[in-house]
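Biologist: Please take a close look at the aromatic pairs in this model and describe them for a reader at the bench. I should then like the account to continue into their wider setting.

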Amino acid sequence: MKKLIISLTSIALISSARAADPDFVKDIAPILEASCVKCHHGEKAKGKLRIDTKEAAFKGGKNGKFIVAGKPDESALIKVLLLEPSDDDAMPPEGKGPRPDAEKIELLKKWVAAGAVWPDDAKLKVPEPKK
Ligand code: HEC
């Protein structure tokens with residue numbers, strides 16, 4: 001009986017640890033798609049920063065790394081979100097789209113801290129240009 005209780009506890013621990021790590025496709029991509037990707041894709045990406053593919057996102061922009069796996073403090077993705085909305089470098093630029101709320105920023109931070117796992121084939125959906 002004791003063994004059974006121990007193994008049930010460890011299953012619970014393992015599953016709660018899993019639940020705590022955000023999933024790229026389910027948790028992270030929707031935030032980037034809602035707030036960032038419309039300006040940061042393709043040849044004309046703003047700040048020369050493309051984030052629509054894994055390769056591009058990990059390459060970063062003209063001023064450095066967008067994502068540093070394991071290091072939210074060094075990742076521009078997180079830095080620009082922690083700035084005051086009125087700051088020139090805050091993203092999205094003031095008035096230019098929905099800012100992720102505190103809960104979403106927390107998810108992004110956790111995802112970076114947990115190693116920024118981005119499946120190779122996962123691309124962000126790029127919105128159709130307005131006609
Ligand atoms: C409305 C368009 C727009 C949206 C939406 C937007 N950005 Fe930007 N972003 C810009 C522009 C313009 C620049 C270039 C600013 C400059 O060069 O001074 C930039 C630059 C950046 C940079 C600096 C790149 C570098 O290396 O210089 C980062 C990081 C960044 N954006 C992240 C984000 C994130 C994260 C989001 C979503 C939360 C986002 N952006 C949403 C327009 C946008």
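Modeller: Two rings of Phe, Tyr or Trp (its six-membered ring) pair if their centres lie within 6.5 Å; planes under 30 degrees apart are stacked, over 60 edge-to-face, and the rest tilted. On that basis, a search of the whole structure finds four aromatic pairs. One of these joins F58 and W118, whose rings meet edge-to-face, with 6.3 Å from centre to centre and 65° between the planes. This pair brings together distant parts of the chain, for F58 belongs to helix α3 (residues 54-59) and W118 to the segment after α5 (102-113), 60 residues apart. Helices (H or I, at least four residues) and strands (E, at least two) are DSSP runs, numbered from the N terminus.

The structure is a predicted model, in which local features need pLDDT of at least 70 and side-chain atom pairs count only at pLDDT 80 or more, while totals for chains, interfaces and linings use all residues. Residues are numbered from 1 along each chain as its sequence is written, and side-chain values use heavy atoms, without hydrogens or water.

The two partners differ in burial class (buried is under 20% relative accessible area, exposed over 50%, partly exposed in between, with a 1.4 Å probe and protein chains only). F58 counts as partly exposed because its relative accessibility is 23%, whereas W118 counts as buried because its value is 3%. W118 has a further aromatic partner in W111: this pair is tilted, at 6.5 Å from centre to centre and 55° between the planes. W111, like W118, is buried. Together with F24, the residues F58, W111 and W118 make up one aromatic cluster.

The wider fold can be stated briefly. The chain contains five helices and zero strands, and its pattern along the sequence reads α-α-α-α-α. Of its 131 residues, 29% are buried.

Two residues before α3 deserve a word. L49 is located in the loop between α2 and α3; L49 counts as buried because its relative accessible area is 13%. The C-alpha atoms of L49 and G64 lie 9.4 Å apart in space, with their positions 15 residues apart in sequence. D52 is found in the loop between α2 (24-35) and α3; D52 also counts as buried because its relative accessible area is 9%. The side chain of D52 is joined to that of R50 by a polar contact of 2.8 Å. A polar contact is a pair of N or O atoms within 3.5 Å; within protein, one must be able to donate a hydrogen and the other to accept it, and sequence neighbours count only through side-chain atoms on both sides.

The ligand completes the picture. It is surrounded by 21 residues, of which the closest are C36, C39, H40, N63 and M91; a residue is near a molecule if one of its heavy atoms lies within 4 Å of it. Helix α4 (residues 76-82) gives the most to this shell, namely four residues. Polar atoms of the protein approach the ligand at several points, including H40, where an N or O atom of the side chain lies 2.8 Å from a ligand nitrogen. K62 places a polar side-chain atom 2.9 Å from an oxygen atom of the ligand. N63 takes part through its backbone, with a polar atom 2.7 Å from an oxygen atom of the ligand.
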